[in-house]
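Let's take a friendly walk through the pockets of this protein and the ligand it holds. Have the model open beside you as you read.

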Amino acid sequence: MKNIAIGTSDLQASDVSLGCMRIAGMDAPAVDELVAAAWDSGITIFDHADIYGGGKCEEVFAASVRRLGLDRSRMILQSKCGIRQGFFDFSKEHILRSVDGILSRLRTDYLDILLLHRPDALVEPEEVAEAFVQLQDAGKVRAFGVSNHNPGQIELLQASLPMKLHVNQLQFSVAHTGMVDAGLNVNMHNENGINRDGGVLDYCRLKGITVQPWSPFQHGFFAGAFIGDPDFAELNRALDEVAAAYGVSATTIAIAWILRHPARMQPVVGTTKPQRVRDSARASDIAITREEWYAIYRAAGNVLP
Ligand SMILES: NC(=O)c1ccc[n+]([C@@H]2O[C@H](COP(=O)([O-])OP(=O)(O)OC[C@H]3O[C@@H](n4cnc5c(N)ncnc54)[C@H](OP(=O)(O)O)[C@@H]3O)[C@@H](O)[C@H]2O)c1
């Protein structure tokens, strides 16, 4: 398992992350098996949010870490705040209150990385700065980032922040390729040519921001996994063909496809199955070829100009 730097910070973590959004309803042995599978595969970064399972995901994860006796100091714990019931809230008061809740549910004194979950139209960057400075000075958060933000929104925040934003978590998978489509279809009158994110992938590369693809096995907005879905027959054929060439599963190749991109992205896998976690981690050691990368991209229904 490879480690990468988180943005330009001094934090290092595995290049595959375990997302803990779906673990709230699992019983303790199943959570232990999942977390142990990740840890034993070399995964050191765990992604949370205060809203996952209404806070339950952070609690069951922390209980599992305690039962398994995992070394907190070797672990990168990341969580997010800013989404509330029916609105977004980047106010200073809400950010500070959220982090206290996260720390107590995760049973830890500090969070390695805090992300602002989804852009708040009413954001006041100076307030965010005050909250972040307070959290950093109190030793409650080591590094900061955002999620689902475009370049302009990051610039707006960054202009008021004394610290750098190191992470941007964004949806990306072989069946959700918006971040590369527009760049491949510059100035063309087709659907893929529409720039929906302000060139966020190139922006993050330029700024040394780690992009963390969420839902790496999903298509649509939580519409389901594309692996094994007959609606994605051609994509599955391509994944299986490349998987056979490397002697691994299609799950591994779906993650290897993301890792092959030179932006050095850090996919956040949300499976609750230990074997799929192990398969995902295996992708870290596989470098598919340029031809294979494009063949999979085309098999997902994308036409190159
Ligand atoms: N920043 C954001 O706005 C945002 C949004 C969403 C998620 N996230 C983060 O990203 C993480 C991943 O998101 P996600 O869970 O939606 O992503 P995902 O890993 O793409 O999807 C996981 C889901 O797909 C299923 N799945 C995976 N591989 C499969 C296969 N081969 N066959 C059938 N089903 C398969 C899993 O079922 P099994 O459990 O049965 O394997 C699970 O239900 C979350 O845990 C969270 O940390 C962030």
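Helix 6 is the top contributor to the lining of the largest pocket, giving 7 residues. Keep in mind that this is a predicted model. Helix 6 spans 178–184, and it is joined by strand 10 (165–171), helix 7 (200–207) and helix 11 (290–299), each of which supplies at least two residues of that lining.

How much volume does the largest pocket have? The figure is about 860 Å³. Its lining is made up of 33 residues, and those closest to the centre are Gly178, Met179, Val180, Asp181 and Asp197. Sorted by class, the lining of the largest pocket holds 12 nonpolar, 12 polar and 9 charged residues.

Now for the other pocket. The second largest pocket contains about 620 Å³ of space. Met21, Arg22, Ser215, Gln218 and Gly270 are the closest to its centre, out of 30 lining residues.

Where does the ligand sit? The space it takes up is the second largest pocket. Around the ligand there are 27 residues, with Asp47, Phe217, Thr271, Thr272 and Arg276 the closest.

Here are the class counts for the two linings and for the shell around the ligand, set side by side.

| Set of residues | Nonpolar | Polar | Charged |
|---|---|---|---|
| Lining of the largest pocket | 12 residues | 12 residues | 9 residues |
| Lining of the second largest pocket | 14 residues | 11 residues | 5 residues |
| Shell around the ligand | 11 residues | 11 residues | 5 residues |

Which atoms of the protein come up to the oxygen atoms of the ligand? Asp47 does so through its side chain, where a polar atom lies 2.6 Å from a ligand oxygen. Phe217 uses its backbone instead: a polar atom there is 2.6 Å from an oxygen atom of the ligand. Pro216 also takes part through the backbone, with a polar atom 3.2 Å from an oxygen atom of the ligand. As for cover, the ligand has 900 Å² of accessible area on its own, and the protein covers 88% of that.

Methods:
Residues numbered from 1 in each chain as written. Predicted model: local features only at pLDDT ≥ 70, side-chain atom pairs only at ≥ 80, totals over all residues. Heavy atoms only, no water. Near = heavy atom within 4 Å. Polar contact = N/O pair within 3.5 Å; in protein donor to acceptor, adjacent residues only side chain to side chain. Areas by Shrake-Rupley, 256 points an atom, 1.4 Å probe, with all protein chains shown as cover. 1 Å grid on protein atoms, 1.4 Å probe; cavity = no way out; pocket = protein on both sides within 12 Å on 5 of 7 lines; lining within 4 Å. Sits in = over half its atoms within 2 Å of the grid points. Nonpolar A, V, L, I, M, F, W, Y, C, P; charged D, E, K, R; others polar. Points joined across faces, edges and corners; volume = space filled by probe spheres on them. Helix = DSSP H or I, 4+ residues; strand = E, 2+ residues; numbered from the N terminus.
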